[in-house]
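Thank you all for coming; I would like to walk you through a structure that is new to most of us. Please have the sequence and the model in view while I talk.

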Amino acid sequence: MMKKFLITIALFMSLTAYGQIKWNQTYQQYFNQYKDVAIEQMQRYSIPASITLAQGVFESGAGKSELAVRGNNHFGIKCNGWSGRKVYHDDDEDNECFRAYDSAFESYEDHSKFLVNSPRYRQLFSLSKTDYKGWAKGLKAAGYATNPQYAQKLIEIIQLYKLYQYDDAKHYDKFMFEHTKDHPVQGHDLHVIKAFNKNYYVITRQGDTFKSLAEETGISYRKLAKFNERDKRDELETGEIIWLKKKQKKAPKDYKGYRHYVRQGESMYTIAQKYGIRMKLLYKMNNLTPDYQIQVGDALRLR
């Protein structure tokens with residue numbers, strides 16, 4: 001418990017030192033993970049995605065606060081009028097009651113409904129979805145938080161991370177949205193899902209298996225192994241790239257004319273994984289047979 005508390009404090013201090021928000025990789029990863037949920041919520045409830053993301057990251061310590069870990073509560077909403085699961089946490093008073101959810105998505109959904117259905121926030125919905133400053137100041141004026149700098153902190157976060165770009169979004173990544181919505185995993189940090197070559201991947205950590213990744217992503221471990229051209233019983237090493245969908249036939253268009261020069265320790269498999277290319281097609285586009293042993297310095301086409 002103390003470790004989690006210290007992590008949250010460290011995150012908060014790194015972003016509020018000298019009274020000014022500073023860029024932090026953990027916050028950026030949070031935005032990458034939840035931006036599509038925030039955009040989807042904006043399209044349904046007319047709450048700026050930038051405001052939702054800034055509140056979520058600030059209230060939850062980038063998803064690492066005790067409330068977020070124990071109860072998937074990303075917005076610090078208390079139990080008032082709540083009949084669902086609860087967690088208790090010291091806040092303005094000792095052992096206060098907070099709402100708990102089965103997934104981060106449920107927290108985002110409840111946050112939207114909380115604002116939409118509360119008379120105190122009604123006037124905010126007359127503002128433009130691109131008026132994040134008006135929303136931030138309106139939330140503070142309506143009593144969302146007791147921190148006197150709350151509005152300014154939200155504005156600084158939005159500007160530093162350019163979250164306002166999402167307020168004009170007409171579409172969102174449905175794969176990332178569904179992953180957050182339908183595959184909740186509680187009690188440990190989720191892998192950061194990254195996108196490349198019209199696909200998605202995670203980087204393995206110590207102890208990961210195809211089965212543990214399957215539980216987290218909602219993709220069967222057999223499919224994960226097949227997508228990565230592996231046997232489902234294979235052990236995974238720390239730092240591997242694991243693709244979440246079938247790999248592409250070639251690298252992105254940006255790699256036209258580019259050559260990958262083989263380095264010490266690389267194999268056709270690790271190179272295919274790096275660029276998200278099916279291994280047999282990497283052999284084929286380089287006119288190589290599957291039994292060819294690549295050498296350091298070999299120049300490989302990627303598309």
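Let me begin with a question: which two cysteines form a disulfide, and how far apart are their sulfur atoms? The pair is Cys 79 and Cys 97, with the sulfur atoms 2.0 Å apart, and I should say at once that this is a predicted model, which holds one disulfide. As a reminder, a disulfide is a covalent bond between the sulfur atoms of two cysteines. Here the angle about the S-S bond is -70°, and the link of Cys 79 and Cys 97 is left-handed. Cys 79 lies in the loop between α4 and β1, while Cys 97 lies in strand β2, so the pair ties together parts that are 18 residues apart in sequence. Cys 79 and Cys 97 are both buried.

If we stay with strand β2, we find that it is covered on both faces, with Glu 96 and Phe 98 buried on one side and Cys 97 and Arg 99 buried on the other. That arrangement can be read with a general point in mind, namely that in a regular strand the side chains alternate between the two faces of the sheet. Strands β1 and β2 run antiparallel and are joined by four bridges, and one of the partnerships is that of Val 87 with Phe 98 in β2. Six residues lie between the strands of this hairpin, where Asn 95 takes a positive phi near 50°.

Let me turn now to the aromatic residues, since the structure holds 23 aromatic pairs. Take Tyr 27 and Tyr 161: their ring centres are 6.3 Å apart and their planes are at 25°, so this pair is stacked. Tyr 27 belongs to helix α2, whereas Tyr 161 sits in the loop between α7 and α8, so the pair ties together parts that are 134 residues apart in sequence. Are these two tyrosines buried or exposed? Tyr 27 is buried, at a relative accessible area of 2%, and Tyr 161 also counts as buried, at 5%.

By contrast, the pair of Tyr 172 and Phe 177 is edge-to-face, with 5.3 Å from centre to centre and 65° between the planes. Phe 177 has 5% relative accessibility and counts as buried, while Tyr 172 has Lys 174 lying over its face, at 4.9 Å from the ring centre. The charged end of Lys 211 likewise sits over the ring of Tyr 221, 5.0 Å from the centre.

Next comes the interior, where the largest nonpolar core has 45 residues, and Phe 31, Leu 53, Tyr 108, Leu 139, Tyr 144, Ile 157 and Leu 163 touch the most other members. Helices α2, α3, α5, α6 and α7 each supply at least two residues of this core, and α2 gives the most, with nine. Another core, of 14 residues, lies apart from it and includes Met 176, Ala 214, Leu 236 and Ile 242.

I will finish with helix α11, which is mostly covered, as six of its eight residues are buried. Those residues are Met 268, Tyr 269, Ile 271, Ala 272, Gln 273 and Tyr 275, and the buried residues of α11 pack against β3, β5, β6, α12 and β7. After α11 comes Gly 276, with a positive phi near 70°.

How values were computed. Residues numbered from 1 in each chain as written. Predicted model: local features only at pLDDT ≥ 70, side-chain atom pairs only at ≥ 80, totals over all residues. Heavy atoms only, no water. Phe/Tyr/Trp six-rings, centres within 6.5 Å; stacked < 30°, edge-to-face > 60°. Buried < 20%, exposed > 50% of the residue type's maximum accessible area, 1.4 Å probe, protein only. Lys NZ or Arg CZ within 6 Å of the ring centre and 35° of its normal. Contact = heavy atoms within 4.5 Å. Disulfide = S-S within 2.5 Å. Pairing = 2+ DSSP bridges. Core = buried A, V, L, I, M, F, W, Y, C linked by side-chain atoms within 4.5 Å.
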